[in-house]
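Subject: Structure handover and notes

Dear colleague,

I am passing on the structure below, together with some notes on what turned up when I went through it. Please read them with the structure open beside you.

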Amino acid sequence: VFWNGHEPTQGQYYFGGRYDLVRFIKLVQQAGLYVHLRIGPYVCAEWNFGGFPVWLKYVPGISFRTDNGPFKAAMEKFTDKIVSMMKAERLYESQGGPIILSQIENEFGPVEYYEGSPARAYTNWAAQMAVGLNTGVPWVMCKQDDAPDPVINTCNGFYCDWFSPNKAYKPKMWTEAWTGWFTGFGGPVPSRPVEDMAYAVASFIQTGGSFINYYMYHGGTNFG
């Protein structure tokens, strides 16, 4: 879910055209598939500004992705907006819809490692905020070994057979099975043999894996 696409101007939301999130999820449901709704709001995803709207950097006193009041207020407002839309359309599995999982934050663990206590406080806040929205489905944090209960920590990478969640009751999940890698401007186009991808998936399942999301399954560009 790209914040900069849905709120290009502060307080003015857009869900038309290719940003019609509700329509997209209903199409997924019609196809008999499930949805892992990765709200972010920081998404990385090789997307401009990590999905943050440009106006966010001009909010007085703001500091991104840390224990900062202005940032947390803006993040919570957007997250609540998306969750409320999904609830209104009864799109969570707990309401009979296709959304079986939601994600808050994105690959924040390595950042937390270097930033220390303010980052850990932010992680705890983000988890509590998300769970408090009462979606009726689990929340996950990827690349977040210390994801606070009941949030599930998950693996992103080329191989995740080695991975174990931080509590025995949590399922072993692979939220980004990297099918390739991004192409740097003017650089070589990386590729991954399909046989290697198939082996990695089989090994993950053999070692107790229960969920796999291919990233990317098709295409992708950041328009940069």
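Before the details, one term is needed: a residue is called buried under 20% relative accessible area, exposed over 50%, and partly exposed in between. Please also keep in mind that this is a predicted model.

By that scale Lys143, with a relative accessible area of 30%, is partly exposed. Lys143 lies in the loop between strand 3 and strand 4, and its phi is positive, at about 50°, although Lys143 is not a glycine. Glu105 also has a positive phi, near 60°, and is likewise a residue other than glycine. Its place is in the loop between strand 2 and helix 4 (109–115), and at 3% relative accessibility Glu105 counts as buried.

Two cis peptide bonds deserve your attention as well. The bond from Asp149 to Pro150 is cis, with omega near 5°, and Pro150 sits in the loop between strand 3 and strand 4. The bond from Tyr215 to Met216 is cis too, with omega near -10°, and Met216 belongs to the segment after strand 6 (209–215).

Turning to the strands, strand 3 (residues 139–142) is covered on both faces, since Trp139 and Met141 on one side and Val140 and Cys142 on the other are all buried. As a general point, side chains in a regular strand alternate between the two faces of the sheet. Strand 3 runs parallel to strand 2 (residues 99–104), to which two bridges join it, and here Gln103 stands opposite Val140. Strand 3 also pairs with strand 4 in the parallel sense, over three bridges, with Cys142 opposite Thr154 in strand 4.

The aromatic residues take up the next part of these notes, as a search of the whole structure finds 21 aromatic pairs. One of them is formed by Trp3 and Phe78, whose rings are stacked at 5.1 Å centre to centre with 15° between the planes. This pair links distant parts of the chain, with Trp3 in helix 1 (residues 3–6) and Phe78 in helix 3 (residues 69–88), 75 residues apart, and both Trp3 and Phe78 are buried. The pair of Phe158 and Trp178 is edge-to-face, because the ring centres are 5.1 Å apart and the planes lie at 85°. Since Phe158 is in the loop between strand 4 and strand 5 and Trp178 is in strand 5, the pair ties together parts that are 20 residues apart in sequence. Phe158 is partly exposed, with a relative accessible area of 31%, whereas Trp178, at 12% relative accessibility, counts as buried. Ring pairs also link a cluster whose members include Trp3, Tyr42, Phe49, Trp55, Phe78, Phe108 and Trp125.

Phe158 appears again at the surface, where together with Tyr159, Trp162, Trp181, Phe182 and Tyr199 it makes a nonpolar patch of about 730 Å². Within this patch, Trp162 is placed in the loop between strand 4 (152–157) and strand 5 (172–178), and at 59% relative accessibility Trp162 counts as exposed. Tyr159 has a charged neighbour, as the charged end of Arg192 sits over the ring of Tyr159, 4.8 Å from its centre. Elsewhere, Arg18 lies over the face of Tyr19, at 5.6 Å from the ring centre.

With best wishes

How values were computed: Residues numbered from 1 in each chain as written. Predicted model: local features only at pLDDT ≥ 70, side-chain atom pairs only at ≥ 80, totals over all residues. Heavy atoms only, no water. Patch = residues over 30% accessible without salt bridge, like charges linked within 9 Å, V, L, I, M, F, W, Y side chains within 5 Å. Areas by Shrake-Rupley, 256 points an atom, 1.4 Å probe, with all protein chains shown as cover. Salt bridge = Lys/Arg side-chain N within 4 Å of Asp/Glu carboxyl O. Helix = DSSP H or I, 4+ residues; strand = E, 2+ residues; numbered from the N terminus. Buried < 20%, exposed > 50% of the residue type's maximum accessible area, 1.4 Å probe, protein only. Pairing = 2+ DSSP bridges. Phe/Tyr/Trp six-rings, centres within 6.5 Å; stacked < 30°, edge-to-face > 60°. Lys NZ or Arg CZ within 6 Å of the ring centre and 35° of its normal.
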